[in-house]
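Q: I would like a close look at one part of this protein, the open sheet and what lies around it. Please set it in the context of the whole chain.

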Amino acid sequence: MAHEFDLIRTFFQPLSQVATPDIGIGDDGAVLSCPQGQQLVVVTDTLVEGVHFPIDTAPEDIGWKALAVNLSDLAAMGACPAFFSLALSLPESKNHLAWLKAFSSGLRDLAEDHQTPLIGGDTTRSDRLTVTVTAHGWVPAGKALRRSGANPGDGLYVSGHIGDGALGLIAVNESLNVEDYAGALQKLNRPEPRVALGSLLSDLASSAIDVSDGLLADIEHLLEASQCGCEVNVAAVPYSQAMRGYLAQNPQAWSLPLTGGDDYELCFTVPAEKEVLLKERTCHLNLPITQIGRIITGTGVVLKNAPKGVQTLEHLGYQHF
């Protein structure tokens, strides 16, 4: 069993050196300066064992995902990650060298990818593993993406493939062949926050959100903020080969990728006059960008080309309560 300050010194203090030696852990708070012409974006997410990830998830994947879901929120705001804090509520069963080493390793992998140091936090004992990360990022003043800017006529886009996070969870719960669903499991356990795309969208997109609760649920959040509606072409939603194979065998599950969540792709709207510029600026990202619909007057999501002519779904995605 590791004592609190030994735990911090051994596993987490090194993470403060990921990007700069000037930020350290050890005081009661972190002292930071805001770059000139930038605004600070702050996001927080809590992951609870058995709710946000399966109980037997590898500790290195938990560490990665705890930071990734926050960086995804920053990406949806068009912000560049700067630093993060960690609050770790740890049960006795995980307070040992092997688990802590693996957890901090996964956390460090993603922190190094984005040059994002750990600047502080808290550790405490708990009956259940709970990981809370607060991430901070910079965005040029006045350029933050919001959910509230969509207008009728804007194109509705998504990045990457949709539904693999949900498919990965099914693969775990139903003990499906790991080799057949390796990509989906990777998406579930180690999602890639679309930070580069978010930065490019800051002067192109009229609104944006990351896909965490489910594609349709998050589109609905965007529409409510923008006070408009949209049409979604179900046939245009991009699926991976694994998802297409799963749906071919389980056609009754056609709505799974639309409502399943845990994708951490970006969903965003772009005015018609900027759609050509969007293609030009994103062609080098090696990331599919797909138009799946268009914003319309009215309210809610209208489905087009869905099986059996379905136009609306009652269940749009994950609900916390």
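To begin with the whole, how much area does the protein expose, and what share of it do carbon and sulfur atoms supply? Then please go through the open sheet of four strands.

A: The model is predicted. The protein exposes about 14,900 Å², and carbon and sulfur atoms supply 49% of that area. Of its 321 residues, 52% are buried. The protein has 10 helices and 10 strands. Among contacts with a separation of 6 or more, 86% are between residues 24 or more positions apart.

Now the sheet. Four strands form an open sheet in the order E1-E4-E2-E3, and the pairing is mixed. The edges are taken by strand E1 (38-48) and strand E3 (118-125); each has a single partner strand, so one side of each is left without a neighbour in the sheet. On average, and with direction ignored, neighbouring strands of this sheet are turned by 15° against each other.

Strand E2 shows both senses of pairing. With strand E4 (residues 130-140), strand E2 (residues 80-90) runs antiparallel, and nine bridges join the two. With E3, the pairing of E2 is parallel and extends over seven bridges.

Individual residues show how these pairings are placed. Cysteine 80 stands opposite tryptophan 138 in E4. Leucine 88 faces two strands: opposite it in E4 stands valine 131, while its bridge partner in E3 is threonine 123.

E2 is also mostly covered, with nine of its 11 residues buried. Buried here means under 20% relative accessible area. A helix lies over this part of the sheet: H3 (residues 97-113) lies across E2 and E4 and runs at about 165° to E2. An angle over 145 degrees counts as roughly antiparallel, so H3, at about 165°, is roughly antiparallel to E2.

A helix pair can be set beside this. Helix H4 (residues 164-173) packs against helix H8 (residues 241-249) at an angle of about 60°, and the axes are 10 Å apart. H4 and H8 are therefore oblique to each other. The crossing in which H4 passes H8 is left-handed. In this packing, Asp164, Leu167 and Ile170 in H4 meet Ala242, Met243 and Tyr246 in H8.

To return to the sheet, E2 is joined to E4 by nine bridges in the antiparallel sense and to E3 by seven in the parallel sense, and leucine 88 has valine 131 opposite it in E4 and threonine 123 as its bridge partner in E3.

Methods: Residues numbered from 1 in each chain as written. Predicted model: local features only at pLDDT ≥ 70, side-chain atom pairs only at ≥ 80, totals over all residues. Heavy atoms only, no water. Pairing = 2+ DSSP bridges. Axes fitted to C-alpha atoms, helices over the stretch in contact; angles between N-to-C directions. Contact = heavy atoms within 4.5 Å. Buried < 20%, exposed > 50% of the residue type's maximum accessible area, 1.4 Å probe, protein only. Areas by Shrake-Rupley, 256 points an atom, 1.4 Å probe, with all protein chains shown as cover. Parallel < 35°, antiparallel > 145°, perpendicular 65-115°, else oblique. Left-handed = near helix turned anticlockwise from the far one by under 90°.
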